[in-house]
Amino acid sequence: MREFDAQRRNTFFDQVFAPVQARDVREEREAWLHPRDRILLERLLPGRKGIGTVLDFGCGQGRLLSELGKLGFSLIGIEPSDGMRAEAENNCRDHPEIRLVAGGIEALEEIEDNAVDFFIAMGVFQYLGDEETATLMQAIERVLAPGGTVIATFQNALFDLFTFNKYTLDFMMNDLLAPHANGAEKESVESALAGLMTRSDAPPYGEARARDNIFVRLTNPLTQTEELRSHGWAVKGRYFYEYFGLPPLVKDAAPDTFARIVESFEVVNAEAWQGHFMANAFLVELERGG
Ligand SMILES: C[S@@+](CC[C@H](N)C(=O)[O-])C[C@H]1O[C@@H](n2cnc3c(N)ncnc32)[C@H](O)[C@@H]1O
């Protein structure tokens with residue numbers, strides 16, 4: 001896994017991710033809405049009438065903001081990457097009332113205490129270092145209105161067990177077997193485990209795959225609730241997304257089965273226990289209080 005490096009991360013989002021992801025949200029709305037956006041829009045928001053201010057932190061190209069703009073919320077987007085923010089400005093051009101702020105965690109200083117009813121961070125926390133994460137959580141606590149909600153997503157550490165590839169090997173060596181498989185036998189253990197997989201080197205390096213290029217934090221959903229509780233946050237719901245119906249390496253052997261399984265879980269059955277293993281990421285709904 002790559003070491004945390006804020007400069008490297010910022011360059012990656014600005015110069016690699018932004019051009020690859022560039023889309024006109026208005027023209028591709030249906031295809032472009034992400035499952036995590038749909039969980040928020042279809043599963044969480046309908047029961048939450050009367051919300052005032054929504055802040056989308058790390059709003060990227062403004063896909064979610066442009067949707068929320070149609071629902072009449074007071075909206076703020078914060079985005080450090082000039083490339084991503086330029087996309088957001090374009091995609092939100094029908095909603096000039098949306099306030100788009102340049103910057104990262106420090107930009108939250110512009111937001112007043114207790115001003116945000118819904119703090120959203122989709123696909124952001126996994127790119128933050130330890131210090132940034134702690135600073136962000138403190139800033140959220142300050143700007144969140146009493147009774148406010150945080151919606152944040154995380155990369156699922158357990159999904160690596162389902163992929164039977166180089167990530168499975170990393171998970172077994174670093175999370176399950178360390179620190180016991182060490183010393184003289186470490187290499188034997190690793191090569192024996194690699195021998196159980198047909199493609200222990202897959203997937204090949206990807207230029208636009210964050211995990212191959214920058215620090216990406218993986219989070220274990222089985223321990224996260226307790227960790228958050230110890231910091232005064234209560235998990236009100238956990239919704240898995242980016243389901244893989246079958247491990248990526250066998251997907252092409254049974255594409256119909258793959259599609260059927262995805263269809264039965266994605267968004268509609270996002271809380272299912274299978275998500276712990278079969279989904280690449282998860283969304284949590286948090287409130288203040290243990
Ligand atoms: C995978 S994109 C997700 C974008 C958007 N939230 C979405 O769901 O499509 C990750 C975003 O996090 C932003 N980001 C990275 N580090 C950040 C930080 N320290 N503060 C705020 N945003 C950050 C990146 O610039 C990028 O736009």
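This briefing describes selected local features of one protein chain. The structure is a predicted model. The chain is assigned two domains, of which domain 1 is made of the segments 6-156, 205-244 and 264-288, while domain 2 covers 166-195. The points below address the domains, a charged patch on the surface, and some features of the backbone.

**Domains**

- Domain 1 is written as three separate stretches of the chain, 6-156 + 205-244 + 264-288, whereas domain 2 is given as the single stretch 166-195.
- A distance of 33 Å separates the C-alpha centres of domain 1 and domain 2.

**A negative surface patch**

- Four residues, Asp170, Asp175, Glu187 and Glu190, form a negative patch on the surface.
- Helix 8 (166-177) and helix 9 (186-195) are the elements that each contribute two or more residues to this negative patch.
- Glu190, one of the patch residues, is located in helix 9.
- Glu190 has a relative accessibility of 30% and therefore counts as partly exposed, since that class lies between buried, under 20%, and exposed, over 50%.

**Cis peptide bonds**

- As background, most peptide bonds are trans.
- The peptide bond that joins Ala178 and Pro179 is cis, with an omega of about 5 degrees.
- Pro179 is found in the loop between helix 8 and helix 9.
- A cis peptide bond also joins Ala202 and Pro203, and here omega is about -10 degrees.
- Pro203 is placed in the loop between helix 9 and helix 10 (210-213).

**Positive phi angles outside glycine**

- As background, most residues other than glycine have a negative phi.
- Glu242 is not a glycine, yet its phi is positive, at about 60 degrees.
- The position of Glu242 is within strand 7, which spans residues 233-243.
- Glu242 has a relative accessible area of 23% and so is partly exposed.
- Val267 is likewise not a glycine and has a positive phi, of about 65 degrees.
- Val267 belongs to the loop between helix 12 (255-265) and helix 13 (275-278).
- Val267 counts as buried because its relative accessibility is 2%, and buried means under 20%.

Definitions and conventions
Residues numbered from 1 in each chain as written. Predicted model: local features only at pLDDT ≥ 70, side-chain atom pairs only at ≥ 80, totals over all residues. Heavy atoms only, no water. Patch = residues over 30% accessible without salt bridge, like charges linked within 9 Å, V, L, I, M, F, W, Y side chains within 5 Å. Areas by Shrake-Rupley, 256 points an atom, 1.4 Å probe, with all protein chains shown as cover. Salt bridge = Lys/Arg side-chain N within 4 Å of Asp/Glu carboxyl O. Lys, Arg positive; Asp, Glu negative; His and termini not counted. Charge placed at Lys NZ, Arg CZ, Asp CG, Glu CD. Helix = DSSP H or I, 4+ residues; strand = E, 2+ residues; numbered from the N terminus. Buried < 20%, exposed > 50% of the residue type's maximum accessible area, 1.4 Å probe, protein only. Domains from an automatic or database assignment.
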